[in-house]
Amino acid sequence: MAEKVKNRNLQTAKSSKKDEFYTQLSDIEKELRHYKAHFKDKVVYCNCDDPRVSNFFHYFSYNFEKLGLKKLITTCYKNQNMNLFSSNDSEQAIYLEYNGDKSGNNVPDPEEIGIRPLEGDGDFRSQESIELLKQADIVVTNPPFSLFREYVAQLVEHDKKFLIIGNVNAITYKEIFKLIKEDRLWLGPSIRSGDREFGVPDDYPLNAAGYRVDGKGKKYIRVKGVRWFTNLDYRERHEDLILYKPYNQAEYPRYDNYDAVEVSKTKDIPADYEGAMGVPITFLDKYNPGQFQILGITDRDNNSGLKTKEYTEDDVPNSGDLNRRGVIKIGNEYRSTYARLLIKRRSP
Ligand SMILES: C[S@@+](CC[C@H](N)C(=O)[O-])C[C@H]1O[C@@H](n2cnc3c(N)ncnc32)[C@H](O)[C@@H]1O
């Protein structure tokens with residue numbers, strides 16, 4: 001029993017360590033330039049951000065006038081020390097409200113930034129944080145990935161606009177996929193592939209792959225599969241993906257268990273196919289809701305109505321694995337594909 005508790009604590013410590021990734025200013029700038037018009041007269045809330053170190057706070061306080069913001073609110077989780085990075089070692093948190101430049105120098109001076117203590121630890125789910133959330137129009141941050149589902153659910157419950165960083169695999173989470181399918185959440189334009197570098201705390205394990213220390217001793221790690229998730233609209237997501245390949249049966253095999261054909265690369269989506277197609281989840285990087293409709297995901301059926309069969313152990317060995325995905329049958333062999341989005345072209 002004690003061992004179990006110890007393991008659980010270790011697990012929690014591990015996942016909270018994984019949550020300590022700090023977004024670089026250049027990545028924030030590259031994404032935010034697509035949404036300028038959305039921010040005029042708005043209250044922005046960064047609710048997983050130590051204002052003394054967060055580049056989200058930095059970006060919005062220095063661009064407060066340029067964006068025409070009404071107010072910037074930032075809350076910090078637990079830590080109160082002036083260390084470079086949060087280590088969550090104090091239970092009492094702080095929050096901050098910035099109402100723009102008063103001295104006329106266009107820079108947020110310390111006396112213009114009101115830092116105040118919170119009663120609790122600054123957890124985004126706490127009542128105090130929720131009261132601040134209610135004041136906000138747009139929430140922008142990189143939240144703890146281990147709480148991503150809960151984090152998004154809270155934003156949706158309070159009907160907030162948001163722009164947040166997450167991992168591409170979150171697309172397959174039941175709750176997140178539902179929002180994507182309903183066109184209530186989509187991916188931002190600035191990160192489409194590759195990896196991104198994030199700041200990490202000083203005590204981050206040195207054996208991690210993609211690890212770097214800069215000239216000032218600050219530590220960074222490269223993270224794969226990063227994406228922006230948002231419900232703020234931007235121009236590029238209404239541009240059609242140019243398709244050039246014609247459909248043919250040999251190149252686009254039909255799934256054995258879904259009424260759809262397999263398209264293993266987004267760029268190969270056939271231009272002339274009217275039925276349902278299974279495409280990689282990274283199709284969302286190119287998704288224009290005016291061009292395609294999302295019907296479901298093969299990871300779980302999601303009521304797409306396209307699943308045609310369930311395998312049993314009597315028919316096929318490892319049927320459990322096969323039932324999770326789209327399956328291509330070649331002769332007597334069953335080949336399971338990766339999670340696929342099931343899509344269909346909208347009529348021109
Ligand atoms: C991925 S880091 C990003 C930090 C900062 N937003 C940035 O982008 O640089 C997630 C942050 O959320 C904080 N955090 C963890 N659990 C939290 C919670 N329950 N409520 C609010 N913040 C939390 C962590 O301390 C961590 O600093």
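What share of the 348 residues in the chain is buried? Buried residues make up 34% of them. Keep in mind as you explore these views that the model is predicted.

**View 1. The whole chain, with its helices and strands.** Start here to get your bearings: the chain holds eight helices and 17 strands. Look also at how the chain meets itself. Of the contacts with a separation of 6 or more, 66% join residues 24 or more positions apart.

**View 2. The largest nonpolar core.** This core has 73 residues. Val44, Leu342 and Ile343 are the residues with the most contacts inside it. The core draws on both domain 1 (15–236) and domain 2 (239–345), with at least three residues from each.

**View 3. The surroundings of Ile343.** Here we zoom in on one of the core residues with the most contacts. Setting aside its neighbours within four places in sequence, Ile343 is in contact with Met277, Val279 and Phe283. Its other partners are Phe292, Gln293, Ile294 and Leu295.

**View 4. Helices H6 and H7.** Two packed helices are described by the angle between their axes and the distance between the axes. Helix H6 covers residues 148–157 and helix H7 residues 174–181; their axes come within 9 Å and cross at roughly 45 degrees. That angle falls outside the ranges for parallel, antiparallel and perpendicular, so H6 and H7 are oblique to each other.

**View 5. The contact of H6 with H7.** H6 contributes Arg149, Val152, Ala153 and Val156, while H7 brings Glu175, Ile176 and Leu179. Sorted by type, the residues of this contact are five nonpolar, two charged and no polar.

Technical notes: Residues numbered from 1 in each chain as written. Predicted model: local features only at pLDDT ≥ 70, side-chain atom pairs only at ≥ 80, totals over all residues. Core = buried A, V, L, I, M, F, W, Y, C linked by C-beta atoms within 7 Å. Buried ≥ 20, exposed ≤ 12 C-beta atoms within 10 Å, placed from the backbone. Domains from an automatic or database assignment. Contact = placed C-beta atoms within 7 Å. Axes fitted to C-alpha atoms, helices over the stretch in contact; angles between N-to-C directions. Helix = DSSP H or I, 4+ residues; strand = E, 2+ residues; numbered from the N terminus. Parallel < 35°, antiparallel > 145°, perpendicular 65-115°, else oblique. Nonpolar A, V, L, I, M, F, W, Y, C, P; charged D, E, K, R; others polar.
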